[in-house]
Amino acid sequence: PDRMKTREPKIINQGLEDEMEVWGYQPCLWKMVLVGMGAVCSGGLLLLLLYWLPEWGVKGTCTYTSLRDARTLLLRTTV
C-alpha cells in the first residue's frame, strides 16, 4: 500500500477551532508554461485572477504530491 499517492489531506489542530487540511503540491513546468501563455493572451488578467484566488493559482501551476515531497503547501480551513 503506497500511502504517498493517496489524495487524503493531513489534518492539523484536529478537533480545535482552527482545524485545517494541509495539501502538498510540486511545481509543474508545463502547467506554468500554459499559465504564462494565458497571462500573455489575457493581458495579465489571468495573473490578477490567480492572485485573488490563490487556491486556483496553486492548482493551476502545480501537481498534487505527498507532503514529504511538497514544495508548496495549501492550507484550507475545515469549518
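## Notebook: looking around a predicted model

I started with the stretch from residue 17 to residue 77. Its two end C-alpha atoms sit 10 Å apart, and the span is 48% helix and 30% strand. I picked this stretch because UniProt, in an unreviewed entry, gives residues 17-77 the feature "domain: P5B-type ATPase N-terminal". Note to self: the model is predicted, and a UniProt annotation may be inferred rather than shown by experiment.

**Entry: the whole chain**

Next I zoomed out. I found three helices and four strands in the protein. Reading along the sequence, I get the order β-β-α-α-α-β-β. How spread out is the protein next to a compact globule? Its radius of gyration is 15 Å, and the globule rule gives 12 Å for 79 residues; the value is well over the rule, so the protein is more spread out than a compact globule. I also looked up the box that the C-alpha atoms fill, and along the principal axes it is roughly 45 × 30 × 15 Å.

Then I checked burial and surface. Of the 79 residues, 25% count as buried. The accessible surface is about 6100 Å², and carbon and sulfur atoms own 61% of that. For contacts, I took those with a separation of 6 or more, and 67% of them join residues 24 or more positions apart. I looked at charges too: there are 9 positive and 8 negative ones, and their mean positions are 9 Å apart.

**Entry: residues 29-53**

The same UniProt record type turned up here: an unreviewed entry lists residues 29-53 as "transmembrane region". In the model, I see that this part of the chain is 84% helix and 0% strand. Its end C-alpha atoms are 20 Å apart.

I clicked on Lys31, which is in helix H1, residues 29-41. What does Lys31 touch, once its neighbours within four places in sequence are set aside? I got Lys59, Gly60, Thr61, Cys62 and Thr63. I also took the distance from Lys31 to Leu47: they are 16 residues apart along the chain, and their C-alpha atoms are separated by 14 Å.

**Entry: Thr65**

Thr65 belongs to strand S3, which covers residues 62-65. Buried or exposed? Its relative accessible area is 11%, and the cut-off for buried is under 20%, so Thr65 is buried. Leaving out neighbours within four places in sequence, I find Thr65 in contact with Gly24, Tyr25, Gln26 and Ala70. Gly24, Tyr25 and Gln26 fall within strand S2, which runs over 20-27.

**Entry: Asn13**

I went to the loop between strand S1 (10-12) and strand S2 (20-27), where Asn13 is found. Its phi caught my eye: the angle is positive, about 55°, although Asn13 is not a glycine. With a relative accessible area of 33%, Asn13 is partly exposed.

**Entry: Arg7**

Last stop: Arg7, in the segment before S1. Why does Arg7 count as exposed? Its relative accessibility is 56%, and exposed means over 50%, so Arg7 makes the cut. Even so, I could list partners for Arg7 beyond its neighbours within four places in sequence, namely Trp23 and Tyr64. I finished with Arg7 and Arg76: they are 69 residues apart along the chain, and their C-alpha atoms are separated by 14 Å.

Definitions and conventions:
Residues numbered from 1 in each chain as written. Predicted model: local features only at pLDDT ≥ 70, side-chain atom pairs only at ≥ 80, totals over all residues. Heavy atoms only, no water. Rg over C-alpha atoms; globule rule 2.2 N^0.38 Å. Buried < 20%, exposed > 50% of the residue type's maximum accessible area, 1.4 Å probe, protein only. Contact = heavy atoms within 4.5 Å. Areas by Shrake-Rupley, 256 points an atom, 1.4 Å probe, with all protein chains shown as cover. Lys, Arg positive; Asp, Glu negative; His and termini not counted. Charge placed at Lys NZ, Arg CZ, Asp CG, Glu CD.
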